[in-house]
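Okay, thanks everyone for squeezing in. I'll walk through one structure with you, starting from the inside and working through a few sheets and a helix.

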Amino acid sequence: MVATMSERIRKAAVLGSGVMGSGIAAHLANAGIGVVLLDIVPPKPAEGDKVDSKAFRNKFAATAVANLKKQKPAPLFSLSALSLIEVGNLEDDLAKLKDCDWVVEVVKEDMAVKQGLFAKVEPYLHPGAIISSNTSGLSIAGMTQGRSAQFKKNFLVTHFFNPVRYMKLLELVPGAETSPQVMQKMAKFGEQMLGKGIVYGKDTTNFIANRVGTYGLLRTIAVMKEDGLTIEEVDKIFGPAMGRPKSAVFRTADLVGLDTFLHVINNCYDSLTKDENREAFKPPAFLLEMVKKGMLGDKTQGGFYKKKKGGEGEKEILVLDLGTLEYRAQNKVRYESLGAAKDLESPTERSVAMMNGTDKAAKFALKVSLDTMAYASRRLGEIADDYVNIDRALRWGFGWDIGPFETWDAYGVKKGVEQMKAHGFAVAPWVEEMLASGRTHFFQKEGVHDTYWDVKSKSAKRVPVPERQITIELLKRGNKLVHGNDSAALWDMGDGVGLLEFRSKMNSIDEQVTEMMEKAVAEGDSRFRALVIGNDAGNFSVGANIMGLLMAVNADEWEVVRNMIKRFQYANQAMRYSPIPVVAAPFNLTLGGGAEVAMGGNAIQASAELYMGLVEVGVGLIPGGGGNLQLLRNVYGPHAGNKDFDALPFMKKLFLTIGTAKVATSAEEAKEACFLAPTDGISMSRDHLLADAKARAVGMAEAGFRPPRQTTFLLPGKSGAATIDTMLYDMQLNHQISEHDRLIGRKLASVITGGDTSPTTPVTEDRLLELEREAFLSLCGEQKTKDRIMYMLEKGKPLRN
C-alpha cells in the first residue's frame, strides 16, 4: 500500500554534515525530499573570517554540500538535487526543525554529545515529528535519558550504511518506549521513498550487520594467521568464490577506513562484556599499529593495499606484509578449489564447492564459515528475532550474495552442525531442536512462498517480502510461463499484463531474444492488454552479444549479418508501435542493445540506479538496433517537422552522447541525457520496479492507449554532417582521436543528419534505420573494428556493444 498524505515525510533535517550526515541528506534529496542540513559553528575562526556572517557560521554544512559535487562514487543522482538541500548551523537555525517531519542525528559517537544535542533540539520539534539517531551502537536508553515521554515515543535508531545511496541496508531499532506506528511509518518511508531494505534490530551493540560481519572479519584474520595465509590469498578465497563482494575482507576494510573499522571493533570489545566470544573482538596488534601510523586505507592512499605507478606509468597494486608492515608485490593465488568454484554460475554453488574442497583454501573457507555461522546462530534473540533479518543485514550491508543461514542451508544444516562440533564451535540449541522437529532446512518452499523456522513459536512462518514485489521466481512457482527459450521468456503477470524476460548470460541480446520479442508482440494483442519488459537478474541487459556477429562477418556472410541487424531493429520498432502499451523496466547496466530495447517501448519505468548508454563506439561500431533513431526521436522529436527550427544544435548533442559513449549513472541523469523521456517514471526501490512498471502499463491500457504515429524528420543532411566532421578533423589534428575514430564519427554523423538529404526533404524512420544498418555493416568490415573485438575477447572482457 502506498503511503497516504498524512503518513508522508515531506521535509527532513539532518544534524551533522560529516560523511554519513551529508550522504543521508544527499539521498533524501535524491528522493525529492527537502532537507535542512545543520552542523556546529566552526570553533576556530581563521584569520580574516567574518565570524558573524552566515558564510562562516554555516561553513561546515556548506562545505559538506559542496563536497557532494566531487565525491566518487557520486552520492547524488543529479546535481539538480542540490537545490533541495538547505544549510544552516545548530545555534542559529534550530527553528527550521519546526517544519520537519523527521529529524536524524548524525554527530560523533559520544553519549554526552548526543544527549546534549537532543536536549537542545526537543523544544523545536512539532508533536508528530520523528527523531532518530544514526548511531552504530550507543544505547537508546542512554541517548534519550532526560527526554520527554513524547520524545521517547517518537525516537528510534535509523542506521544507514555508507555510501548511503548505494548500500541497500537500513537497520531500524526501536527503544523500549518507541511507538509501533513510528516504526511502521519509518519502515514504509525507508522502503518506498528511499529504496532501502529494512532490517529490524534490537538495542544491542553494533546491531546486526556490524555485530556478525565484524566477528566474521576478525575471525577470518585470526584463522588466516593460524593457517599461514597472505592477504591476497584471503581476499581471493572470501571474494566471489564464497559469495562475497570482490572487495572481500581487506579491500573492504580499506574502503571503510581502518580507523572506522577499529572504532567498530573497540565498541564491540568494550561493550560486549557478556559475549562468550568477546576476546575475538580484541583489535589485532597490526591494526592498532597501522592506525597509529596513519595507514587508514583509501582515505590515506594506503592500508592493506597501496597503488603504485611503475616506471612506464602503469599502475601496480601492492599488498601489505603483516609481519613487516611493508608493501610488496602481490603473489599469484592458485588453489584447485578456487578454480573449481570459478566455473560455477551461482554464488550458492560456488560457496558449497569451496567448503567441500580438500585443499588449504577450502579448509580455511570451511573453518571460518562454520565459526561465523555458529556465532550467528547464538545471537538469535539477542540481536534479532529471526535469522531472516540476520541474513538480509549481511547481504544488504556487507554485500554478501547469500547470508550465513542461506550458506549453511546450501552446505547442509545437519552436516554443518556435525562439522561445527568437530571443529569445537558451539551451535545454538534451537538449531538442533529444529532438526529434531523434522525440518531439515532454514528456508523451505511451501507452495509459491518461502518459509523460515520461527524459533519462538517453533513453527514455520512465511518469509516477509515487500508488499509490492513481483519476481520471476514467484511467476515460475505459479506456473505463469507462456513461452520460453534459452535466452528469453514470456510470462503472465496477471491483470492482463505480460512480462518479457531476458535470461541469457548477462542478459545479452541474441537471436532467441529477438525471436521472443517478436512473439510477445505477435501474441500480445490477443492474450494481453499490456506488456512489461524486465527481469530479476543483476542487470537489465549489457547489450547485444556480438560474438555471433563477428563470426558471420569473418565468414563474409553479409546477408546473414544484414538480416540479423534488420530483425533486431524492427523488433524494437514493433514494440513501439504495438497495439498494446509496452513499458520497459531497466535497471543497473542497460547498455547498447539493452538501451535500444528500453527506448523502443512506449514508456519506461526505470530503477533509480540505472547505468544507461549507447556504447557501441567502444568496439568500433555505432548503434545498430535503432538506437540512433530512438535517441534522435527523444532529443529532436517534438521539433522534427518544424522547418523554422535549426536542427544542428540537437544533432551536436546527439552526436556527442553517442560518439563519446556517454553512460548516464542514474535514472535522473538518463533523463538529462534524453535516454529517458521527461514523463518516464523512476522507482526508488528495485524491489518494487516490476510492480511499478506493471501499474504503469495497466494505467496506460485503461486510459485508452493508442500507439504513436511514426515521426518524419527534417534534417540538415550533408551540410550538417560536414559541420560535425570539421570538429572531428580538428580533434584528429590535435591527436585527440585516431583516423579510425574519425571514420566512426563520420558514419555516425551521416546517419543522424539524414544522409543524402536536404533540410526541406522529409526523412522517414525507415530511411534512418536503413542508413544506420548500412553504416553499421560498413564498420563491421573494418579490420580495426574486428581487431578491437578480438582484443576484448583475448582479454576476457564481455563482448557486448
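So, which residues lie nearest the centre of the largest cavity? Those are Leu217, Arg244, Ala248, Val249 and Trp400, out of 15 residues that line the largest cavity. Before I go on, remember that this is a predicted model.

Let's stay with that cavity for a moment. The structure holds 4 cavities of 30 Å³ or more, and the largest has a volume of about 150 Å³. Helix H8 (209-227) and helix H15 (360-379) each supply at least two residues of its lining. H8 gives the largest share, 4 residues. If you sort the lining of the largest cavity by class, you get 8 nonpolar, 6 polar and 1 charged.

Now, pockets. I'd like to show you the second largest one, which has a volume of about 440 Å³. It is lined by 22 residues, and the closest to its centre are Arg576, Asn602, Asn634, Ala677 and Thr679. Where does the lining come from? Helix H24 (593-600), strand S21 (603-607), helix H25 (627-636) and helix H28 (689-702) each put in at least two residues. The class split for the second largest pocket is 10 nonpolar, 6 polar and 6 charged.

S21 brings me to the sheets. S21 sits in an open sheet of 7 strands, in the order S15-S16-S17-S18-S19-S21-S24, and the pairing is mixed. At the edges you find strand S15 (481-484) and strand S24 (681-683), each pairing on one side only. On average, neighbouring strands of this sheet are turned by 20° against each other, ignoring direction. To pick one pair, strand S18 (residues 530-533) and strand S19 (residues 582-584) run parallel, with 3 bridges. Valine 532 has valine 583 in S19 as its bridge partner.

Next sheet. This one is open too, with 3 strands in the order S9-S10-S11, paired antiparallel. Strand S9 (305-309) and strand S11 (326-328) are at the edges with a single partner strand each, so one side of each has no neighbour in the sheet. Here the average turn between neighbouring strands is 40°, again ignoring direction. S9 pairs with strand S10 (residues 315-321) over 5 bridges, in the antiparallel sense, and lysine 306 is found opposite leucine 318 in S10.

Then there's strand S7 (residues 169-174), which I like as a small example. Is S7 mostly covered or mostly open? Mostly covered: 5 of its 6 residues are buried. Strand S6 (residues 155-160) runs antiparallel to S7, joined by 5 bridges, while strand S8 (residues 197-200) pairs with S7 in the parallel sense over 4 bridges. Have a look at glutamate 171 in S7, the bridge partner of histidine 159. Glutamate 171 also stands opposite valine 199 in S8.

Last stop, helix H30 (residues 739-752). How far apart should its ends be? With 14 residues at 1.5 Å a residue, H30 should span 20 Å, and its end C-alpha atoms are 20 Å apart, so the two agree. The buried residues of H30 are His740, Arg742, Ile744, Gly745, Leu748, Ala749, Val751 and Ile752. As a reminder, an α-helix has 3.6 residues a turn, so residues three or four places apart point the same way. After H30 comes glycine 754, with a positive phi near 95°.

That's my tour, so over to you.

Terms used. Residues numbered from 1 in each chain as written. Predicted model: local features only at pLDDT ≥ 70, side-chain atom pairs only at ≥ 80, totals over all residues. Heavy atoms only, no water. Pairing = 2+ DSSP bridges. Axes fitted to C-alpha atoms, helices over the stretch in contact; angles between N-to-C directions. 1 Å grid on protein atoms, 1.4 Å probe; cavity = no way out; pocket = protein on both sides within 12 Å on 5 of 7 lines; lining within 4 Å. Points joined across faces, edges and corners; volume = space filled by probe spheres on them. Nonpolar A, V, L, I, M, F, W, Y, C, P; charged D, E, K, R; others polar. Expected span 1.5 Å × (residues − 1). Buried < 20%, exposed > 50% of the residue type's maximum accessible area, 1.4 Å probe, protein only.
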